[in-house]
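Subject: Model handover

Hi,

Here is the structure I promised to pass on. Have a look first, and my notes follow below.

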Amino acid sequence: MWCRSAIVRRAPALRWMSSDASESGEFISRLRNIGISAHIDSGKTTLTERVLFFTGRIHEIHEVRGKDGVGAKMDSMDLEREKGITIQSAATHCKWGSHHINIIDTPGHVDFTIEVERALRVLDGAVLVLCSVAGVQSQSITVDRQMKRYNVPRIAFINKLDRMGANPDRVTAQLREKLHLNASAIQLPIGLEDEHVGVVDL
């Protein structure tokens, strides 16, 4: 797992890339550690799989439960692929524009909360994934509390808008009421449930 201290220690080793040491500092300034956290079955690993695909790190999208015999890239353990849950935090890397991003996919099950705690200590930012049907759940509240403890800035990603009963407005209201966050939508969905076709940036 990447951490700030490890990145700082490795900075001198990056100087072989250029005779100018300032380029190493520039590389570090464009490096971000981003965590993806949520309640179990909110779609964290599925979201990570899509991020890796659209940033060009992988060339095929596989499902979490491994129905095709492959499974998601972030689920490296056989038990994770069999059960369809994340048991231990997994780290990967991608590039977006000129920024290098270390993505840390964390478990959502309450039994593995310590894995989330370990990851949050090294993050520059986080994505709080929420199910548009279930909304803010018990582990969502726990993860939010942990993020506040470590002062981790975050955005909320409302997932599963194509499911029956999806209601992103209700989830946004729960962010304000249950988590006491000043939440405001930066995208609006085009249709919901089986009529969902995309989103509009505000």
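Which elements of the protein chain have the lowest and the highest mean pLDDT? Helix 1 (residues 4–10) sits at the bottom with 37, and helix 7 (residues 168–177) at the top with 94. Here pLDDT is the predictor's confidence in each residue, from 0 to 100, and helices (H or I, at least four residues) and strands (E, at least two) are DSSP runs, numbered from the N terminus.

Some ground rules: this is a predicted model, where local features need pLDDT of at least 70 and side-chain atom pairs count only at pLDDT 80 or more, while totals for chains, interfaces and linings use all residues. Residues are numbered from 1 along each chain as its sequence is written, and side-chain values use heavy atoms, with hydrogens and water left out.

For the protein chain, the mean pLDDT is 78, with 74% of residues at 70 or more. Residues 1–18 stay under 50, and the model has 31 contacts (heavy atoms within 4.5 Å) for them beyond four places in sequence. Where pLDDT is low, the predicted coordinates should not be read in detail.

Now the strands. Strand 1 (residues 31–38) is largely enclosed by the rest of the structure, because 6 of its 8 residues are buried (under 20% relative accessible area; exposed is over 50%, partly exposed in between; 1.4 Å probe, protein chains only). Strand 1 runs parallel to strand 3 (residues 99–105), joined by 6 bridges, and Arg32 stands opposite Ile101 there. With strand 4 (residues 125–131), strand 1 pairs in the parallel sense over 5 bridges; Ile34 has Gly125 as its bridge partner. Pairing takes at least two DSSP bridges between two strands.

Helix 3 (residues 44–54) has buried residues including Leu47 and Leu52. Its buried residues pack against strands 1, 2, 3, 4 and 5. Just after helix 3, Gly56 takes a positive phi of about 85 degrees.

You may like the charged pairs. There are 3 salt bridges (a side-chain nitrogen of Lys or Arg within 4 Å of a carboxyl oxygen of Asp or Glu):

- Arg30 with Glu26, closest N and O atoms 3.8 Å apart.
- Lys148 with Asp144, 3.1 Å from N to O; both lie in helix 6, 4 residues apart, about one turn.
- Arg154 with Asp144, 3.0 Å; Arg154 lies in strand 5 and Asp144 in helix 6, so the pair ties together parts 10 residues apart in sequence.

Asp144, Lys148 and Arg154 are thus linked in a network. Asp144 is buried at 3%, whereas Lys148 is partly exposed at 37%.

Cheers
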